[in-house]
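Hi everyone, thanks for making time. I'd like to walk you through one structure today, helix by helix, so have a look at it first.

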Amino acid sequence: MLGAPLLLALVAVAAVALFLLPLGAIGRLALFGTGGGIDAFATALQSPSVQRALYRSLESAVWAAALATLAGGALGLVIGLTDLQGRGALSFAILMLMMIPPHVTAIAWMQMLGPSSVLLQALGVAPLLGATNPLYSRAGVIALLALQQVPLVYLTLRAALRALPRDLAEAARVSGASPARLMARVILPLLAPAFVAGFALAFVSALGNFGVPALLGIPARYVTLPVLMWQRLASSGPSVLVDLAVLAGLIGAVAVIAVWAQMWVMRRSAVALIGPPQQPLRLSLGRARGWVAAGLWAMLALVLLAPLLAMLATALVPTYGVALTPDTITGRHFHEVLFTQSVTARAFANSAILAVLAGLGVAALALAIGALSRGRTGSGARAVVTLAEVAYAVPGLVISVGFIIAFLNPLPLLGFSLYGTHAIILGAYLSAFLAVGLKPVGTAFAALDPALSEAARVSGAGFWRRFWRIDAALAAPAAASGAVLVMLTAWNEVTLSAILWTRGTETLGTVIFNYEDGGYSTLAAAMSVISVLATVALMALLHRLGRNLPPGIIPWKG
């Protein structure tokens, strides 16, 4: 009798700790804390530094989202609508752009294009020493932010293409419509909501990005709002929490407005479709098929493989700027980060443990919410899903500020603070990434026949027996795929942990960032190479898990 209500109560406690307390703490401190209130927001908006940072955040996010929508949309249409060969491999490569964290992407490009680039020196085309790295600029920040968001738009469009009834396009083709007219009059209008959703996702993600603006924007004096928040906390410590709450409220409000605007536009532009989804349309590329595939692979090699090779070359030379030759090549930086530096070894261990716990925690919560989504507990489950989606839309640095404010003071009855512990970082991961795990699990539960659970209930099986033997067992593959996606994201994450880590709780992302920020480029490159290899291995594992999952759960399959 108490099975479902007890599980709902446990999920509600988790939702309070992960969503309501952190986000509510920001609003409470910003509006009612000492030095807060409406006047604090007015003062912040009148501050020249805040005005510049807010404008640059909006500017970079809008341009990055627009560029990502063009590039990701084009890739989605070509790969999703044509008879191009190797679509799965191309999708895997595109997803790598998202799975490699922003700060690692920034480091790789910095080391590829700078005057001390080992790769460019080996090719004899390096800029003169002393020249400014071209990425240290407004254009550099926008370009790398756009590159990081391309997979988000691509995934959104591919999902929309899978839900597009093929008979509409076939009817237009039978009526004599050319491929160009078919695209302009049928496909693009039907995909307009997907483009809007992709732009909004890219905008929100770029708005809260920390790694790229920090590494490229600080040298160029192009400071965005997340970077300004990090600078103020790093220089003043927790005493500036009210100021941080106000800034977090500003950027959080912008993100929420963007998501609301996206939903409003999608409702206005949505087109009702008749009939179930069918096999995707496959437009013939004819003789251009090979050339298109070669062009796409060349482009992906340029934006993905070349920076990683430059980063590997940097990790193999004694000092950054030394030419890579058979005489200078060395593996001591890899030995240093793996076996000598205690902080790097600790960071690898912390990131691995936190990533695994975050993946398992998200999978467990997703299974519980999925099981509660049916029957009388459905409204409670939907409320938690809504909170998770709101947290996913809010920039990561806002989540981190909320956790600091909510859990800085000692916990009631327990008498100790979570600040400075692994638990606060894990909580931030669960809050920010739960929505990622809910997507595949929600799809799996929607496909389950409720007759199975009803038959078990009639046979006398209690709630917990039905949950473990039917719901959890059948949805476990989807939960596993969501868990691995979360592990991939948390493994190299830096935005959430940038202001949460302390000595002893360093993560891989924060150590890589700190090495590069401190001028230890060779060590940062070595750690980045290892983290990328681990990311590829985890993606390969997810690919294997996806063989027995329905199409669409694994992004680059189907």
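Before the first pair, a quick word on how the angles work: an axis is a line fitted to the C-alpha atoms, for a helix over the stretch in contact, and the angle runs from 0 to 180 degrees between N-to-C directions. Also, please keep in mind that this is a predicted model.

Okay, so let's start with α15, which covers residues 342–372, and α20. These two helices pack at an angle of about 145°, and their axes are 7 Å apart. The crossing of α15 and α20 is right-handed. And what classes of residue make up the contact of α15 with α20? There are 20 nonpolar ones, 2 polar and 1 charged.

Next pair: helix α1, residues 3–32, against helix α16, residues 378–393. Here the angle is about 20°, with 10 Å between the axes. That makes α1 roughly parallel to α16, because angles under 35 degrees count that way. The crossing in this pair is left-handed. If you want to find the contact on your screen, look on the α1 side for Leu8, Val11, Ala15, Phe19 and Leu20. On the α16 side they meet Gly380, Ala381, Val384, Leu387, Ala388 and Ala391. By class, that contact comes to 10 nonpolar residues and 1 polar, with no charged ones.

Third pair: helix α3, residues 48–81, and helix α13, residues 289–315. They pack at about 140°, and their axes are 12 Å apart. So α3 and α13 are oblique to each other. Their crossing is left-handed. From α3, the contact uses Leu75, Val78 and Ile79, and from α13 it uses Val292, Leu296 and Met299. What's in that contact by class? It has 6 nonpolar residues, no polar and no charged.

Now, let me zoom in on a single residue. Val436 sits in helix α18, which runs over residues 422–447. Leaving out residues up to four places away in sequence, Val436 touches Tyr392, Leu485 and Val486. And how far is Val436 from Ser481? They're 45 residues apart in sequence, and 10.0 Å apart in space, going C-alpha to C-alpha.

Last stop, a pocket. The second largest pocket has a volume of about 690 Å³. Its lining takes in 20 residues, and the ones nearest the centre are Ala4, Arg374, Arg457, Phe463 and Arg466. The elements that each give two or more residues to this lining are α1, α19 (450–458) and α20 (463–491). By class, the lining of this pocket has 9 nonpolar, 5 polar and 6 charged residues.

That's my tour. Happy to pull up any of these spots again if you'd like another look.

Note on methods:
Residues numbered from 1 in each chain as written. Predicted model: local features only at pLDDT ≥ 70, side-chain atom pairs only at ≥ 80, totals over all residues. Heavy atoms only, no water. Helix = DSSP H or I, 4+ residues; strand = E, 2+ residues; numbered from the N terminus. Parallel < 35°, antiparallel > 145°, perpendicular 65-115°, else oblique. Left-handed = near helix turned anticlockwise from the far one by under 90°. Contact = heavy atoms within 4.5 Å. Nonpolar A, V, L, I, M, F, W, Y, C, P; charged D, E, K, R; others polar. 1 Å grid on protein atoms, 1.4 Å probe; cavity = no way out; pocket = protein on both sides within 12 Å on 5 of 7 lines; lining within 4 Å. Points joined across faces, edges and corners; volume = space filled by probe spheres on them.
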